[in-house]
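Subject: Structure for you to look at

Hello,

Here is the structure I said I would pass on. My notes follow below it.

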Amino acid sequence: MERYADLHVHTTFSDGSFTPDEVARRARALGFAALGICDHDTVEGFPAARAAGVAHGIEVLPAIELSTKATAGQQHILGYCCDGTHPELVATLRRLRTAREDRMRLMLAKLGELGIDISTADLWALADGGAIGRPHLARLLQERGVVPTIQDAFVTLIGRDGPAFVPKLVLTAEEAIALIKAAGGVPIIAHPIHLAAPEADIERLVAAGAMGIEAYYSDNTPADTERFLAIARRANLLVTGGSDCHGTAKDQLCLGMVHLPYAEVEKLKAAAGR
Ligand code: AMP
Ligand code: FE
Ligand code: FE
Ligand code: ZN
């Protein structure tokens with residue numbers, strides 16, 4: 001029987017709505033052999049991710065998704081098989097976390113100027129110790145009845161062009177790739193379908209040390225996936241894939257939509273050992 005993996009699922013350690021335990025339970029029930037638990041800019045969920053894998057009898061790869069600057073918007077770099085206790089990694093993530101909190105304070109101040117009062121305490125409580133981001137704020141705005149949907153929160157208030165938007169301090173892609181490698185991990189270009197110029201951007205990021213691309217992804221058409229698999233073959237890159245499921249934090253539940261052949265997981269793990 002073919003074995004499959006979903007190597008990109010978020011949890012409550014960042015902006016997902018499921019705990020690592022719930023994600024592992026669901027992935028196991030869907031028949032996956034392996035699961036990548038990825039959270040934004042944090043390794044704090046690694047122990048819980050491993051424990052969830054043991055509890056539900058599914059191989060779990062703890063991973064990180066680092067936000068980086070790109071020419072247009074953002075580029076995310078996934079890091080698999082990192083040492084979550086690596087001092088440089090831990091120190092950098094702590095710095096990013098403080099920056100996220102400072103940024104949220106600025107966004108709450110801007111909302112205050114618009115007559116929308118949300119306390120830091122309420123927002124912090126919703127994030128529950130996880131890496132705090134606009135999705136948390138969007139959820140709170142919806143819960144308070146300020147906007148009818150999470151999507152509306154982005155469109156009218158906190159999206160890139162919204163009146164309460166403040167940019168986030170992020171690493172450059174080069175810094176993120178080097179950091180993942182320093183921590184013994186494998187840097188992978190996340191969701192290349194969302195790159196402004198996929199071919200050129202992949203080439204640039206590979207030159208900076210990225211070792212693979214997330215060729216299978218929930219927003220891809222089958223033709224997109226074929227295109228990325230061909231790029232990976234030509235450039236001799238690792239191939240990963242994942243749903244990028246955020247639980248019910250985003251509109252649709254995409255766990256189970258993406259199936260990465262397990263052989264690619266073995267290549268990924270072998271690359272980490274190099
Ligand atoms: P942040 O890292 O705090 O800037 O938040 C970025 C995250 O917000 C993205 O990873 C998405 O999960 C979410 N996001 C951005 N734009 C939208 C949107 N228009 N609708 C829903 N979620 C969005
Ligand atoms: Fe997210
Ligand atoms: Fe991403
Ligand atoms: Zn993601």
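A word on terms before the metal sites: donors here are N, O and S atoms within 2.8 Å of the metal, and water is not among the atoms, so sites may look incomplete. Please also keep in mind that this is a predicted model.

Iron ion (ligand 3)

The protein donors of the iron ion (ligand 3) are Glu65 through OE, His76 through ND1 and His191 through NE2, at 2.0 to 2.2 Å. Along the chain these residues are spaced E-x10-H-x114-H. Glutamate 65 sits in strand β3, whereas histidine 191 belongs to the loop between β6 (186-189) and α8 (198-207), so the two tie together parts that are 126 residues apart in sequence. With a relative accessible area of 9%, histidine 191 is buried. Glutamate 65 has a relative accessibility of 1% and counts as buried because the cut-off is under 20%.

Zinc ion (ligand 4)

Glu65 appears again at the zinc ion (ligand 4), where the protein donors are His8 (NE2), His10 (NE2), Glu65 (OE) and Asp244 (OD), again listed at 2.0 to 2.2 Å. The angles among the four donor atoms run from 80 to 172°, and the site is irregular. In sequence the donor residues follow the spacing H-x1-H-x54-E-x178-D. Glutamate 65 is in β3 (residues 59-69) and aspartate 244 is in the loop between β8 (238-242) and β9 (260-261), so this pair joins parts that lie 179 residues apart in sequence. Aspartate 244, at 9% relative accessibility, counts as buried.

Iron ion (ligand 2)

What are the protein donors of the iron ion (ligand 2)? They are Asp15 (OD), His40 (NE2) and His246 (NE2), lying 2.0 to 2.2 Å from the ion. Their spacing along the chain is D-x24-H-x205-H. Aspartate 15, in the loop between β1 (4-9) and α1 (20-29), and histidine 246, in the loop between β8 and β9, link distant parts of the chain, 231 residues apart. Both aspartate 15 and histidine 246 are buried.

As for the distances between ions, the iron ion (ligand 2) is 5.9 Å from the iron ion (ligand 3) and 4.8 Å from the zinc ion (ligand 4).

Helices α3 and α5

Away from the metals, I looked at one helix pair. Helix α3 (residues 87-113) packs with helix α5 (residues 134-143) at an angle of about 30°, and their axes are 11 Å apart. Angles under 35 degrees count as roughly parallel, so that is how α3 runs relative to α5. The crossing of α3 past α5 is right-handed. On the α3 side the contacts come from Arg103, Met104, Met107, Leu108 and Leu111; on the α5 side they come from Arg134, Leu137 and Leu141.

How many of the ten residues of α5 are buried? Seven are, which leaves the helix mostly covered. The buried residues are Arg134, His136, Leu137, Ala138, Arg139, Leu140 and Leu141. They pack against α3, and also against α4 (120-127) and α6 (150-158). After α5 comes glycine 145, with a positive phi near 80°.

Regards

Notes:
Residues numbered from 1 in each chain as written. Chains lettered and ligands numbered in written order. Predicted model: local features only at pLDDT ≥ 70, side-chain atom pairs only at ≥ 80, totals over all residues. Heavy atoms only, no water. Donors = N, O, S within 2.8 Å, 3.2 Å for Na, K, Ca; no water. Tetrahedral: all angles 85-135°; square planar, octahedral: opposite > 155°, others 65-115°. Helix = DSSP H or I, 4+ residues; strand = E, 2+ residues; numbered from the N terminus. Buried < 20%, exposed > 50% of the residue type's maximum accessible area, 1.4 Å probe, protein only. Axes fitted to C-alpha atoms, helices over the stretch in contact; angles between N-to-C directions. Parallel < 35°, antiparallel > 145°, perpendicular 65-115°, else oblique. Left-handed = near helix turned anticlockwise from the far one by under 90°. Contact = heavy atoms within 4.5 Å.
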